[in-house]
Structures are given as C-alpha cells and as structure tokens.
Amino acid sequence: MSNAMKRLIPLLDRVLIKRAEAITKTAGGIVIPEKAQSKVLHGEVVAVGPGSRKENGEFIPVLVKVGDRVLLPEYGGTKVSLENDEKEYHLFRESDILAKIEN
C-alpha cells in the first residue's frame, strides 16, 4: 500500500474502492476495442470509514472490510486520484454498494 493510500482515510460510512481492470483481450488473444469493453462493476475495498452515527453519537459499523470484493452500481461514486498512483479509485457510501462477493 502506498504512502498516499495510508493517509487517505474515508469519513463516516464512506468506502474507498479500487475498481477491477477491464478485460482488454479474450482468452483466444483477440484485443477488445475500448468502445466494446463493458464497464467494470466490481472492485476491491481499499479503505473503510468508521461508520455512520446514530442520534446518540454511537457509530454503526460498516459491513465491508479492507480486502473484500464488492459489486458496484453502474453510475455513482466519486473518482479519487492519489499522488504517484495511476490506478483508478472511487469513494462510495456503504449504502451504494450493491453486494459483497464471496470467494
């Protein structure tokens, strides 16, 4: 994990996710053009906030943890660029994540 990643801690019920790479080549070696590639709808949780707050101030913990694979909505999330890192990261609210993918 890079130093920039260690310094980025999501607040409340936000979750930082690294989207999976799009498939650019088939098993047979055929290169898929960008326009024909489907949007990647899953990713890996990189960082998690402490959770949302109840009215009395207690935290409701987030249900996903670092390292979990999750299913994402087609639209939404906030794109985040980290210094010296070319990967694509997105911030989502926990309620926006559709499902957790079990291995």
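Three short exercises on this predicted model follow, each with a worked solution.

**Exercise 1. The sheet**

Find the order of the strands in the open sheet, and say which strands form its edges.

Solution.
- Step 1: Count the strands. The open sheet has six.
- Step 2: Read across them. The order is β6-β7-β1-β2-β5-β8, and the pairing is antiparallel.
- Step 3: Look for strands that pair on one side only. These are β6 (78-80) and β8 (99-101), the edge strands.
- Step 4: Check the twist. From one strand to the next, it averages 45°.
- Step 5: Zoom in on one pair. Five bridges link β1 to β2 (residues 42-48) in the antiparallel sense. Val15 has Val48 in β2 as its bridge partner.

**Exercise 2. Leu11**

Decide whether Leu11 is buried or exposed, then place it in its surroundings.

Solution.
- Step 1: Locate the residue. Leu11 sits in the loop that runs between α1 (3-7) and β1 (14-19).
- Step 2: Apply the cut-off. Exposed means over 50% relative accessible area. Leu11 has 63% relative accessibility, so it counts as exposed.
- Step 3: Find its partners. Leu11 forms a nonpolar surface patch with Leu12 and Phe59. Together the three have about 290 Å² of accessible area.

**Exercise 3. His90**

Decide whether His90 is buried or exposed, and find a polar contact of its side chain.

Solution.
- Step 1: Locate the residue. His90 belongs to strand β7 (residues 89-93).
- Step 2: Apply the cut-off. Buried means under 20% relative accessible area. His90 has 7%, so it is buried.
- Step 3: Follow the side chain. His90 and Arg19 are joined by a side-chain polar contact of 3.4 Å.

Conventions. Residues numbered from 1 in each chain as written. Predicted model: local features only at pLDDT ≥ 70, side-chain atom pairs only at ≥ 80, totals over all residues. Heavy atoms only, no water. Patch = residues over 30% accessible without salt bridge, like charges linked within 9 Å, V, L, I, M, F, W, Y side chains within 5 Å. Areas by Shrake-Rupley, 256 points an atom, 1.4 Å probe, with all protein chains shown as cover. Salt bridge = Lys/Arg side-chain N within 4 Å of Asp/Glu carboxyl O. Helix = DSSP H or I, 4+ residues; strand = E, 2+ residues; numbered from the N terminus. Buried < 20%, exposed > 50% of the residue type's maximum accessible area, 1.4 Å probe, protein only. Pairing = 2+ DSSP bridges. Axes fitted to C-alpha atoms, helices over the stretch in contact; angles between N-to-C directions. Polar contact = N/O pair within 3.5 Å; in protein donor to acceptor, adjacent residues only side chain to side chain.
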